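Hi everyone, and thanks for making the time today. I'd like to walk you through a structure that may be new to you, so let's put it up on the screen.

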Amino acid sequence: MADVVYWQSARRWTPPPLATLPRRVDAAVLGAGLTGLAAALYMSTAGLSVVVLERGRVGDGASGRSGGQVLTGLSPSYGDLAAAWGADARSLWAEGAAAVEDVAKLVEHHHIECDWHRGGHLAVAAGATQWRALAADAERLAADGMGVEVLDASETAHRLGWASYLGSVLDPRSATVNPYRLTTGLAQVAVRAGAAIVEQAPGAVERSPGGFRVRAGGVAIAAEQVVVATNAYLPTTLPHLRGRVQRVTSHMLATAPLPPAVADRLLRGRPALYEESARAAHLQKTPDGRLVFGSRLPAAAAHLGSGPALAAVLHDLIPDPLVNSLPIDSAWSGPIGHTQAGLPTLGQTPSGIRWVGAYNGHGVALAVRLGTAMGRWVATGERPVWPPGHIGAAASAPSP
């Protein structure tokens, strides 16, 4: 099956053409995903001249290819965060929850049509050991006022529409979205605020007197500030990040629409689903009744192609013959950024280039929040506040 992204099938978006490419700007942004566009929107609104350079097309990267889950929290468990960060764990987790609110406000304020739906998310565990760890984490979260609820096996089966799990943890603040429409909608908002977006324009950065020179094709743009927001491709522009940002392939599929009777009983209320397991399965039901599913694939299955291999995992996840007989309408894959600590990386090189990315599977929410924080840093000098030593820490890196 060809690499066809379901989210992009209804419509494509192209930025309005520029009469001339700006030759001097206050800030240049590399990457037109959610991160770079959120940064561009903040800076443009603050009165800065901004150009966004995208090596492909807007929304073609992870921002427009994800599972569309807008999740609270972070990739590490709450217990692992507490072990690593101590008292900072609560504020870190709260950033994940605040990030969901940032997306909700963005969608509402700018009237972005992206199938935003606040159905919460259900975290489930594949086995007894994982379930005990998940339930213990939920107890810690509830004690710290995070608003999660533990559901038993019966209630979990009722909400999912099938019985496979010992229980689940519900966080009602999470949401689902069409990530491509969210990304292109944000791009439209940024353009209206004054940002220029240029597609098919990979950027290379050089230091120059008074700032930077960003080369896009045969054109050089002078920029006082540069933001690199290329997520899994951060090390391509900033080689010192090769040891900190790993590129991991995410695989997705979308089924044909479910029969109405089946759609009504699966994922009641349309929550997002995430399975705590080695396969890291995640699932949402779209407004038109499709299942959009993603999972890690073992190397032995990758040669089969993501569509058939993912379908086998989906059929194992949902033991329903009607689901198993559904045609797979589209399947796709793409790289996402990971770090060893499971947290995003954000910082500044000695020459002044700022970067942010690697969201470890929580990119829809965190990209908007941290992209905005990056734009604020450039526009006002207000540095993002995160625990020292990882996020927000200045990099010890050679100047480009």
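Let's begin with the salt bridges: this predicted model holds 16 of them. Why might such pairs form at all? In general, side chains of opposite charge can pair when their charged atoms come close.

Take R159 and E155 as a first example. Their side chains meet in a salt bridge, with 2.7 Å from N to O. Where do these two sit? Both belong to helix α5, which covers residues 153-160, and they are 4 residues apart, about one turn of the helix. That spacing is a handy one, because an α-helix has 3.6 residues a turn, so residues three or four places apart point the same way. As for exposure, R159 is partly exposed at 25% relative accessibility, and E155 is partly exposed too, with 27%.

Next, please look at R173 and D171. Here the closest N and O atoms of the salt bridge are 2.9 Å apart. R173 counts as partly exposed at 22% relative accessibility, whereas D171 is buried, with a relative accessible area of 3%. The cut-off behind that contrast is 20%: a residue under that value is called buried.

Another pair is R290 and D288, whose side chains form a salt bridge at 3.0 Å, N to O. In this pair R290 is the buried partner, at 14% relative accessibility, while D288 is partly exposed at 39%. Salt bridges can also share partners, and in that way E95, D102 and R369 are joined into one network.

Now let's move to a helix, α6. How many residues does α6 have, and how far does it reach? It runs over residues 179-192, which makes 14 residues, and it spans 20 Å from its first C-alpha to its last, close to the 20 Å expected at 1.5 Å a residue. Is α6 mostly covered or mostly open? It is mostly covered, with 10 of its 14 residues buried. Among those buried residues are Y180, L182, L186 and V189. And what do they pack against? The buried residues of α6 meet α1 (34-45), α3 (88-110), β8 (196-198) and α12 (363-380).

The two ends of this helix deserve a glance as well. At the start of α6, a side-chain oxygen of N178 comes to within 3.1 Å of the backbone nitrogen of Y180. Just after α6, G194 adopts a positive phi of about 120°.

That brings me to backbone angles. Most residues other than glycine have a negative phi. Which way does R270 go? R270 has a positive phi of about 55°, although it is not a glycine. You'll find R270 in the loop between α8 (260-265) and β13 (272-276), and it is buried, at 16% relative accessibility. A280 also has a positive phi, about 50°, without being a glycine. A280 lies in the loop between β13 and β14 and is buried, with a relative accessible area of 7%.

Let me finish with T286, which touches R270. Besides R270, T286 is in contact with Y6, W7 and V292, leaving aside residues up to four places away in sequence. T286 sits in the loop between β14 (282-285) and β15 (291-295). Is T286 buried or exposed? It is buried, with a relative accessible area of 2%.

Thanks for listening, and I'm happy to take questions.

Note on methods. Residues are numbered from 1 along each chain as its sequence is written. This is a predicted model: local features need pLDDT of at least 70, side-chain atom pairs count only at pLDDT 80 or more; totals for chains, interfaces and linings use all residues. Side-chain values use heavy atoms; hydrogens and water are left out. Buried means under 20% relative accessible area, exposed over 50%, partly exposed in between (1.4 Å probe, protein chains only). Contact means heavy atoms within 4.5 Å. A salt bridge is a side-chain nitrogen of Lys or Arg within 4 Å of a carboxyl oxygen of Asp or Glu. The expected span of a helix is 1.5 Å times one less than its number of residues. A polar contact is a pair of N or O atoms within 3.5 Å; within protein, one must be able to donate a hydrogen and the other to accept it, and residues adjacent in sequence count only if both atoms are side-chain atoms.
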